Amino acid sequence: MDGKGGNSANEFMDMLSMQMTFYWGMASDILVKGWPGHPTGMYCISIRMLLTVKHGIRVGLLYLVMLAVMSFNVGVLIAAVSGHTLGFFFFGGRTISTVNPQV
């Protein structure tokens with residue numbers, strides 16, 4: 001109770017609540033309420049920022065793998081190569097795509 005007869009904990013939780021199901025639309029709050037707003041340009045910028053963060057995390061992890069392999073430990077080298085090999089086997093790669101040749 002906040003002394004005014006209301007429940008401040010519930011009011012606080014209502015302010016932090018967000019959509020918890022999948023829905024279609026561009027009017028969504030990404031980080032804070034009201035951002036990125038309704039203009040399409042701000043929506044595209046926010047998507048671009050998310051892709052940039054994803055790329056930064058990926059590059060950081062790749063540098064960690066590079067540093068681990070540069071330790072000249074054969075076990076780490078085998079683990080890195082086998083991990084990349086299994087990842088390619090299960091998830092494929094962008095370099096190989098199925099193309100239907102016109103015969």
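Which residue follows α3, and what is the sign of its phi? Gly92 comes right after the helix, and its phi is positive, near 75 degrees. Keep in mind throughout that this is a predicted model.

**View 1. The whole chain is built from helices, with no strands.** Start here to get your bearings. You'll find 3 helices and 0 strands, and going along from the N terminus the order is simply α-α-α. Of the 103 residues in the chain, just 5% are buried. The accessible surface adds up to about 9600 Å², and carbon and sulfur atoms account for 70% of that.

**View 2. Residues 59-81 carry a UniProt label.** An unreviewed UniProt entry puts the feature "transmembrane region" on this stretch, residues 59-81. In the model, 83% of the stretch is helix and 0% is strand. From one end C-alpha atom to the other, residues 59-81 cover 17 Å.

**View 3. Phe72 sits in the loop between α2 and α3.** Helix α2 takes in residues 40-69, and Phe72 lies in the loop that links α2 to α3. Check the backbone here: Phe72 has a positive phi of about 60 degrees, even though it isn't a glycine. Most residues other than glycine have a negative phi. Is the Phe72 side chain buried or exposed? Phe72 has a relative accessibility of 76%, so it counts as exposed, the cut-off being over 50%.

**View 4. Asn73 reaches over to Gly75 at the start of α3.** Zoom in on the beginning of the helix. A side-chain oxygen of Asn73 comes to within 3.1 Å of the backbone nitrogen of Gly75.

**View 5. Helix α3 has the length you'd expect.** How far apart should the ends of α3 be, at 1.5 Å a residue? The helix runs over residues 74-91, which is 18 residues, so it should span 26 Å. Its end C-alpha atoms are 25 Å apart in the model, and that agrees with the expected span. Just past the helix is Gly92, the glycine with the positive phi.

**View 6. Phe89 and Phe90 form an aromatic pair.** The chain has 1 aromatic pair. It is made by Phe89 and Phe90, whose rings meet edge-to-face. Their centres are 5.2 Å apart, with 75 degrees between the planes. What about their surroundings? Phe89 has a relative accessible area of 64%, so it is exposed. Phe90 comes in at 58% relative accessibility, so it counts as exposed too.

Definitions and conventions:
Residues numbered from 1 in each chain as written. Predicted model: local features only at pLDDT ≥ 70, side-chain atom pairs only at ≥ 80, totals over all residues. Heavy atoms only, no water. Helix = DSSP H or I, 4+ residues; strand = E, 2+ residues; numbered from the N terminus. Expected span 1.5 Å × (residues − 1). Polar contact = N/O pair within 3.5 Å; in protein donor to acceptor, adjacent residues only side chain to side chain. UniProt positions renumbered as here; feature names shortened; annotations may be inferred. Buried < 20%, exposed > 50% of the residue type's maximum accessible area, 1.4 Å probe, protein only. Areas by Shrake-Rupley, 256 points an atom, 1.4 Å probe, with all protein chains shown as cover. Phe/Tyr/Trp six-rings, centres within 6.5 Å; stacked < 30°, edge-to-face > 60°.
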